[in-house]
Amino acid sequence: QEANIVMCVVAAPENWEAVLAGIKNIRLSGQAPVDTKGCEKAGSLLPPKERRFAVLISTMMSSQTKDEVTHAAVERLGENGLLDPDAIVRTDEATLANLIKPVGFYQRKAQFIKEASRICLERFGGDIPDTLTDLLALKGVGPKMAHLVMSIAWKNTQGICVDTHVHRISNRLGWVFREGTKQKTTTPEQTRMSLEKWLPKDEWEPINPLLVGFGQTICTPLRPKCGSCGINTICPSAFKEASSPNPKQKKRGLGPT
């Protein structure tokens, strides 16, 4: 007798294609900070190996820091010849911290960047790790950063990069749920796993900058601009937060990126 095989299929959210197309249309202007100053732009004029290192360093600094601040810190490092692991290892931590300030937690990040640079030199010939496992082994690099670095630096998208914007907007759109429930996800990792179950893989890489820019300009954490949003007729959260923002939301949030 043949065994019954039960396939677990996660249905894609209703209207997701129309919603995604609408967001893409909104984002055509390219006016969000991520479009010119996101981690994707770090070291864009450098040779491949040097650019990969710049992307890693930029990504490590980006947590709880606005794109404009991170971008300016990367530029200062470049102006001082410090987009190079060997140069960073030879630079004292205080100098490095001062250069990347006011990046969030700049002193701790300077320590992590210096240690990551040493590992890049000792284990990877001055290049950056090319696997998620090795990237995640670096202090200061979490899943969001590792997936972003793999996509940008190595053109090897193995998962969706979920930051605070992607996490917030995916929940507002009703795109993600906690495993086995119809409840909102509470962490970026839960959001990533939920999105990856149904979002086509060719959308995995572009979804991050797409939603980040949407979150920076329209679907903001507080007082989202639903009135000027092109998908306000099909978004399940439209106008529900615009008129009565919760003052505690900012404190509970994941912080800017």
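Is Arg 90 buried or exposed? Select Arg 90 and see: Arg 90 is exposed, with a relative accessible area of 61%. On this tour, buried means under 20% relative accessible area, exposed means over 50%, and partly exposed is in between (1.4 Å probe, protein chains only).

Before moving on, know that this is a predicted model, where local features need pLDDT of at least 70, side-chain atom pairs count only at pLDDT 80 or more, and totals for chains, interfaces and linings use all residues. Residues are numbered from 1 along each chain as its sequence is written, and side-chain values use heavy atoms, with hydrogens and water left out.

**Stop 1: salt bridges**

Stay with Arg 90 and add Asp 86. The two form a salt bridge, with their closest N and O atoms 3.0 Å apart. The term stands for a side-chain nitrogen of Lys or Arg within 4 Å of a carboxyl oxygen of Asp or Glu. Asp 86 is partly exposed, at 34% relative accessible area. The structure holds 10 salt bridges.

Next, pick Arg 118 and Glu 122, whose side chains meet in a salt bridge of 3.0 Å, N to O. They sit four residues apart in helix α7, so about one helical turn separates them. An α-helix has 3.6 residues a turn, so residues three or four places apart point the same way. Arg 118 is partly exposed at 34% relative accessibility, and Glu 122 is exposed at 58%. Helices here are DSSP runs (H or I, at least four residues), numbered from the N terminus.

Now try Arg 52 and Asp 127. Their salt bridge has its closest N and O atoms 2.7 Å apart. This pair links distant parts of the chain: Arg 52 is in helix α3, Asp 127 is in the loop between α7 (106-124) and α8 (132-136), and the two positions lie 75 residues apart. Arg 52 counts as buried at 16% relative accessibility, and Asp 127 is buried too, at 13%.

While α3 (residues 48-62) is on screen, click Ser 62, which lies in this helix. Ser 62 is buried, with a relative accessible area of 5%.

**Stop 2: helix α1**

Select residues 16-26, which make up helix α1. Which of its residues are buried? Trp 16, Val 19, Leu 20, Gly 22 and Ile 23 are. They cover an arc of only 160 degrees around the axis, which puts them on the same side of α1; the arc is taken from the directions from the helix axis to the C-beta atoms. Turn to the other side of α1 and you'll meet Glu 17 and Asn 25, both exposed. Then show α12 (204-217): the buried residues of α1 pack against it.

**Stop 3: where two domains meet**

Colour the chain by domain: domain 1 is 10-31 + 159-238, and domain 2 is 42-158. These bounds come from an automatic or database domain assignment. The domain centres, taken over C-alpha atoms, are 27 Å apart. At the interface, 12 residues of domain 1 are in contact (heavy atoms within 4.5 Å) with eight residues of domain 2.

Together the domains bury about 790 Å², 57% of it on carbon and sulfur atoms. Highlight Gly 159, Cys 161 and Glu 205: they supply 56% of the area that domain 1 buries against domain 2, more than any other three residues. Buried area is the accessible area (1.4 Å probe) that two parts lose on being put together, summed over both.

The rule finds zero salt bridges across this interface, but it does find two residue pairs in polar contact. On the domain 1 side, α11 (188-196) and α12 are the elements that give two or more residues, and α12 has the largest share, five residues.

**Stop 4: Thr 185 and helix α10**

Finish at Thr 185, in the loop between α10 (164-172) and α11. Thr 185 counts as buried at 5% relative accessibility. What joins the side chains of Thr 185 and Asn 171? A polar contact of 2.8 Å does, and another, of 2.6 Å, runs from the side chain of Thr 185 to that of Thr 191. A polar contact is a pair of N or O atoms within 3.5 Å; within protein, one must be able to donate a hydrogen and the other to accept it, and residues adjacent in sequence count only if both atoms are side-chain atoms.

Select α10 itself: nine of its nine residues are buried. At its N-terminal end, Asp 163 acts as a cap, with a side-chain oxygen 3.1 Å from the backbone nitrogen of His 165. Just after α10, look for Gly 174, which takes a positive phi of about 70 degrees.
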